[in-house]
Structures are given as structure tokens and as C-alpha cells.
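Got your viewer open? Here is a short walk through the model, one selection at a time.

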Amino acid sequence: MRTHYSPRLIFLVLAILSLISIPVLGAIFPVFYVQTFLFDRLAIILYPDGINFRLVMAACFVLFIGLMIPVIKQNKLTFSLSSVIIAGGLFVFYLSILSYTYIGKEEVVSNKLFDEKTFQWSEIQEVVLEYYFDDIGKHEEYIFTSMVGDSIRIPLNDQFLQEDKSEIYKVAKLNNVEFIEQEKK
């Protein structure tokens, strides 16, 4: 016995699955991608940027909208519009893997959506750990300055452990890079 499912039902099921997957993919996919495809044993710090989580959720929502359009009406125009919206959702998924921060024993990389800065430790002139206190608590930020004056600013978050800070200090001293810890002015 052969069962034929209507395209409307298939698109509805796919739309509901994409809607259900928003929280799961939004929480897991950016970390999974960074830790799986960008993993490096020499990494001191490797974590996805916070915008990646929001982009994955937006991509799932765009896919949901793209899959709901053929459920409402089925003709060439709606299928074309649905295809364009689904392609846009997949592009937003692609954007969600572009931002990450990497501090390793050989280089420092800050990769934002369309802006990547990479410094080898031999190119870094100084590392500044700035901090300040407010009502919320202590806020810290690393500033890696190259010999030509460019800099990478990396705010500390929950990904940084005390051991990671110590390791960054050791690598800086090993590469004869000046390390400064100061309160933010």
C-alpha cells in the first residue's frame, strides 16, 4: 500500500521541525562548529562570538517562514519566493560560523562577521589587560597591539579561566611581548 503525502503536509512538517529546532540549534550549533572544525591543541581560548547564537536562531526563523509560504498557497510564484527565503536562511546559517575568537600559542585571531584580524605573536608589541569595576562587578578586556599600531580588543567573558589568563601571560613573556595590567581610564 503506497501513501502519497501532499506537498502542503511535507512543508508544514518541515516548518514545524525548523521552529522546534530554534532553541536547540541556537544553543549548540555555534559551539559545535567552533570546537569541531576549528579545534587546535595549541589554543588557549577558542570560542564563538555571541552574535552567532542570535544568527542561528534568526536562520531557523527565516527557514520557518520560507517553509510556511507553500503551505498557505501553492503556485510558481510562492515556490520561487519560498526558495529565495530558504536560500536567505541558509546564508544566515553561513554567517553564523564566521565569528570566533582564538588565542593560541602561535597567533591571536579575532574574526567578526566581515572583519578578520590575525596577529602572529612575533608581530605583537604589547598585551594590555584593562579592567574596571562597576555595580555589576569586574570587567576585563585584552588589547593586543601590533608593531604597526593595529589592535585586537577581546573582552573577557565566562570562557576565560584564571589558568587561561596565566597562559596568555606566559606566552607573551615567552615571545618577549610587553604585558601590562592596568585599570581602564
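**Stop one: a strand in the middle**

Start by selecting Y47 and T101: the two are bridge partners, with T101 on the β2 side. Before going further, keep in mind that this is a predicted model.

Now select T101 by itself. This residue belongs to strand β2, residues 100-104. Is T101 buried or exposed? With a relative accessible area of 2%, T101 is under the 20% cut-off, so the residue counts as buried. Show its surroundings and, leaving aside residues up to four places away in sequence, you'll find contacts with I45, L46, Y47, V109, K112 and I154.

Widen the selection to the whole of β2. Of its 5 residues, 5 are buried. In a regular strand, side chains alternate between the two faces of the sheet. Here both faces are covered: turn one side towards you for Y100, Y102 and G104, then flip the view for T101 and I103, and every one of these is buried.

Next, add the strands that pair with β2. β1 and β2 run antiparallel, joined by 5 bridges. β2 also runs antiparallel to β3 (residues 107-112), this time with 4 bridges. For a landmark on that side, pick Y102, which stands opposite V109 in β3. The connection from β2 to β3 is a hairpin through 2 residues.

**Stop two: the largest nonpolar core**

Keep I103 selected and show what surrounds this residue. Not counting residues up to four places away in sequence, I103 touches A43, I44, I45, V108, W121, F144, I154, F160 and I168. I103 is also one of the four residues, along with W121, Y142 and F144, that touch the most other members of the largest nonpolar core, which has 21 residues. To see where that core draws its residues from, colour β1 (43-48), β5 (124-133), β6 (138-146), β7 (151-155) and α4 (162-174): each supplies at least two. In soluble globular proteins, nonpolar side chains tend to be buried together.

Apart from that core lies another, of 10 residues, including L55, C60, L63 and V92.

**Stop three: the rings**

Select the aromatic side chains; they make 11 pairs. Zoom in on W121 and F144: their ring centres are 5.9 Å apart and their planes sit at 80°, so this pair is edge-to-face. W121 is in the loop between β4 (115-120) and β5, while F144 is in strand β6, so the pair ties together parts 23 residues apart in sequence. Both rings belong to buried residues: relative accessibility is 1% for W121 and 0% for F144. Add Y142, Y169 and F179 to the selection and you have one aromatic cluster together with W121 and F144.

For a ring with a charge over it, go to Y131: K138 lies over its face, at 5.1 Å from the ring centre.

**Stop four: along helix α2**

Finally, select residues 50-72, helix α2. Its 23 residues should span 33 Å at 1.5 Å a residue, and the end C-alpha atoms are 35 Å apart, which agrees. You can also draw a distance from I51 to I72: their C-alpha atoms are 32 Å apart, across 21 residues of chain.

Which residues of α2 are buried? Among them are L55, C60, L63 and F64. Bring in α1 (7-37), β1 and α3 (76-95), which are part of what covers the buried residues of α2. Then end on I72, also in α2: at 68% relative accessibility, I72 counts as exposed.

Note on methods:
Residues are numbered from 1 along each chain as its sequence is written. This is a predicted model: local features need pLDDT of at least 70, side-chain atom pairs count only at pLDDT 80 or more; totals for chains, interfaces and linings use all residues. Side-chain values use heavy atoms; hydrogens and water are left out. A nonpolar core is a set of buried Ala, Val, Leu, Ile, Met, Phe, Trp, Tyr and Cys residues joined through side-chain atoms within 4.5 Å. Buried means under 20% relative accessible area, exposed over 50%, partly exposed in between (1.4 Å probe, protein chains only). Contact means heavy atoms within 4.5 Å. Rings of Phe, Tyr and Trp (its six-membered ring) pair if their centres lie within 6.5 Å; planes under 30 degrees apart count as stacked, over 60 as edge-to-face and the rest as tilted. A charge sits over a ring if NZ of Lys or CZ of Arg is within 6 Å of the ring centre and within 35 degrees of the ring normal. The expected span of a helix is 1.5 Å times one less than its number of residues. Two strands pair if DSSP finds at least two bridges between them.
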